[in-house]
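Here are some notes for a colleague opening this model for the first time. Please keep the sequence and the 3D view side by side while reading.

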Amino acid sequence: MGEMGKAIGLLISGTLVYHHCANRNATLLSLFSDVLIVLLSSLAILGLLFRQLNVSVPVDPLEWQISQDTASNIVARLANTVGAAESVLRVAATGHDKRLFLKVVISLYFLAALGRIISGMTIAYAGLCLFCLYMACQNSQSTGNSVLRRTNRETSE
């Protein structure tokens, strides 16, 4: 799947989450449980259908596992991200770096003011839309550059 496909898939998923949480006034926990119910029901129906049609499933989902290295990598990345955020906030809170302190205070004040005006889900959805637009622009720009290079190559020959 290309970058454009990822952007469109992310936008569709984000739209569904936004609809579920903002328009229906439901929580993320409700969304998570709804998704699990749908997955469980569809897997049960598929299992019954495969058993009825005597179709053997090549991979048993109960045997799916991730490697120890993959699990360690996921945990290490999460720990690094949390540690970096904690470090930035600690330096800002001590006041040793005045510029960082002002950036953090202004950012938090801006987010608090924005949160009073617009719901958090709307802000998150707008951010997702902007990110998908950025991904689509990057994809179209790289496509345009490759077409331009190919045209220049053909004219020089």
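1. **A cut-off to start with.** A residue counts as buried when its relative accessible area is under 20%, as exposed when that value is over 50%, and as partly exposed in between. Several points below rest on these limits. Note too that this is a predicted model.

2. **Overall make-up.** The protein has 5 helices and 0 strands. Read from the N terminus, its elements run α-α-α-α-α. There are 157 residues, and 10% of them count as buried. The protein exposes about 13,000 Å². Carbon and sulfur atoms supply 67% of that area.

3. **Contacts along the chain.** Take the contacts in the protein with a separation of 6 or more. Of these, 51% join residues 24 or more positions apart. Points 4 and 5 look at particular residues that are distant in sequence.

4. **The aromatic pair.** The structure holds 1 aromatic pair. Its members are Tyr18 and Tyr125, with ring centres 4.6 Å apart and planes at 15 degrees, so the pair is stacked. The pair links distant parts of the chain, since Tyr18 sits in helix H1 (residues 3-23) and Tyr125 in helix H5 (residues 120-156). In sequence, 107 residues separate them. Is Tyr18 buried or exposed? Its relative accessible area is 18%, so Tyr18 is buried.

5. **Met121 beside helix H1.** Met121 is also found in helix H5. Which residues does Met121 touch, leaving aside its neighbours within four places in sequence? The contacts are Val17, Tyr18, Cys21 and Ala22. Met121 and Tyr18 are 103 residues apart in sequence, yet their C-alpha atoms are 6.5 Å apart in space. Unlike Tyr18, which is buried, Met121 counts as partly exposed, at 24% relative accessibility.

6. **The salt bridge.** Side chains of opposite charge can pair when their charged atoms come close. The structure holds 1 salt bridge. Glu86 forms it with Arg90, and the closest N and O atoms are 2.7 Å apart. Both residues lie in helix H3 (residues 68-94). They are 4 residues apart, about one turn of the helix. Glu86 has 39% relative accessibility, so Glu86 counts as partly exposed. Arg90 is partly exposed as well, with a relative accessible area of 45%.

7. **A nonpolar surface patch.** Leu43, Leu46, Leu49, Phe50, Leu53 and Val55 form a nonpolar patch on the surface. Together they have about 520 Å² of accessible area. Phe50 belongs to helix H2 (residues 28-52). With a relative accessible area of 30%, Phe50 is partly exposed.

8. **What the record says.** An unreviewed UniProt entry carries the annotation "transmembrane region" for residues 31-50 and 108-136. How much of each span is helix in this model? Residues 31-50 are 100% helix and 0% strand. The end C-alpha atoms of that span lie 28 Å apart. Residues 108-136 are 93% helix and 0% strand. Here the end C-alpha atoms are 29 Å apart.

9. **Where to look in the viewer.** Begin with the stacked rings of Tyr18 and Tyr125. Turn next to the salt bridge of Glu86 and Arg90. Finish at the nonpolar patch that includes Phe50.

Technical notes. Residues are numbered from 1 along each chain as its sequence is written. This is a predicted model: local features need pLDDT of at least 70, side-chain atom pairs count only at pLDDT 80 or more; totals for chains, interfaces and linings use all residues. Side-chain values use heavy atoms; hydrogens and water are left out. UniProt positions are given in the numbering used here, feature names are shortened, and annotations may be inferred rather than shown by experiment. Helices (H or I, at least four residues) and strands (E, at least two) are DSSP runs, numbered from the N terminus. A salt bridge is a side-chain nitrogen of Lys or Arg within 4 Å of a carboxyl oxygen of Asp or Glu. Buried means under 20% relative accessible area, exposed over 50%, partly exposed in between (1.4 Å probe, protein chains only). Patches are made of residues with over 30% relative accessible area and no salt bridge: like charges are joined within 9 Å, nonpolar side chains (Val, Leu, Ile, Met, Phe, Trp, Tyr) within 5 Å. Accessible areas come from the Shrake-Rupley method with a 1.4 Å probe; for residues, only the protein chains shown count as cover. Contact means heavy atoms within 4.5 Å. Rings of Phe, Tyr and Trp (its six-membered ring) pair if their centres lie within 6.5 Å; planes under 30 degrees apart count as stacked, over 60 as edge-to-face and the rest as tilted.
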